[in-house]
Amino acid sequence: MAEGEKPNLTAVLEFQRRNAERLKKLRDLHTKRNEARQMNYQAVIEEEKSNKLPANWEARKRRAEWILNDDKERKAAQEKGEDYDRLKMLNVTAAEAEKLSHRKKKKNPDQGFADYEQATVRQYNRLVKQIKPNMQEYEMQKEKLGGAFYGDRNTILHGLHKDSKDGIDRMVDDLEKQIAKREKYSRRRAHNDDEDIDYINERNMKFNKKLERFYGEHTLEIKQNLERGTAV
């Protein structure tokens, strides 16, 4: 019996060893499958978040990071007693300097006649350029709001931000300057009884005068033909 049991015992041990290896491989595959499932789930969540973000979110983020980095370098140069603007220009090539100069000339150009929408856009761009951000307050707001700082369309910011007194005062001062400037260009002109009446109200009169100022010389012949009745 002892001699017959040895082969059986060896076969049993070999079977147990192979079975243990199979179970180990199965557990490893199960673990890898769970890891891949979690990674896929995280990737889907990140893709969904990126799809909900504004189209220019990456550009806004890069711009904010560039401002922070530029501010740090400027402070470091001031501590060393160096002129940061001069140091920065030393690293600009002639081609880049020419490109920047050309871009400044093309920046927010006055195209002459424009409708109210274009005038509003130009005013908005001009006001935005005048803003000087407080980077210390920017960092505090970024730390306070966390993920809501770069909010998407589903982020509710109501109650998270409170305007400072200095910010409100700056807004009031800017509005008063706009009103004072507008009054200079909105004063009532003296009415000329000899002028042709080609308007229905004061706003339409201003609009027609603006058309005449920019396109009058190009439409003079057409207008004369219409008055003589010889227009084709």
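In the predicted model, Leu 175 is classed as partly exposed because its relative accessibility is 42%, a value between the limits of 20% for buried and 50% for exposed residues. Leu 175 is located in helix 7. Together with Ile 168, Met 171 and Val 172, Leu 175 makes up a nonpolar surface patch with a combined accessible area of about 330 Å².

Helix 7 also contains a salt bridge between the side chains of Asp 169 and Lys 165, with an N to O distance of 3.1 Å. These two residues are four positions apart, about one turn of the helix. Asp 169 is partly exposed at 33% relative accessible area, whereas Lys 165 is exposed at 61%.

In total, 10 salt bridges were found in the structure. Among them is the pair Asp 70 and Lys 88, at 3.7 Å from N to O. This pair joins distant parts of the chain, as Asp 70 lies in helix 2 and Lys 88 in helix 3, 18 residues apart. Asp 70 counts as buried because its relative accessibility is 12%, while Lys 88 is partly exposed at 32%. Asp 85 and Arg 74 form another salt bridge, with the closest N and O atoms 3.3 Å apart. Here Asp 85 belongs to helix 3 and Arg 74 to helix 2. A network of salt bridges links Glu 14, Arg 17, Arg 18 and Glu 21.

The largest pocket encloses about 2,600 Å³. Its lining consists of 49 residues, and those nearest the centre are Val 128, Gln 130, Ile 131, Lys 132 and Pro 133. Helix 7 contributes the largest share of this lining, nine residues. By type, the lining comprises 22 nonpolar, seven polar and 20 charged residues.

Conventions
Residues numbered from 1 in each chain as written. Predicted model: local features only at pLDDT ≥ 70, side-chain atom pairs only at ≥ 80, totals over all residues. Heavy atoms only, no water. 1 Å grid on protein atoms, 1.4 Å probe; cavity = no way out; pocket = protein on both sides within 12 Å on 5 of 7 lines; lining within 4 Å. Points joined across faces, edges and corners; volume = space filled by probe spheres on them. Nonpolar A, V, L, I, M, F, W, Y, C, P; charged D, E, K, R; others polar. Patch = residues over 30% accessible without salt bridge, like charges linked within 9 Å, V, L, I, M, F, W, Y side chains within 5 Å. Areas by Shrake-Rupley, 256 points an atom, 1.4 Å probe, with all protein chains shown as cover. Salt bridge = Lys/Arg side-chain N within 4 Å of Asp/Glu carboxyl O. Buried < 20%, exposed > 50% of the residue type's maximum accessible area, 1.4 Å probe, protein only.
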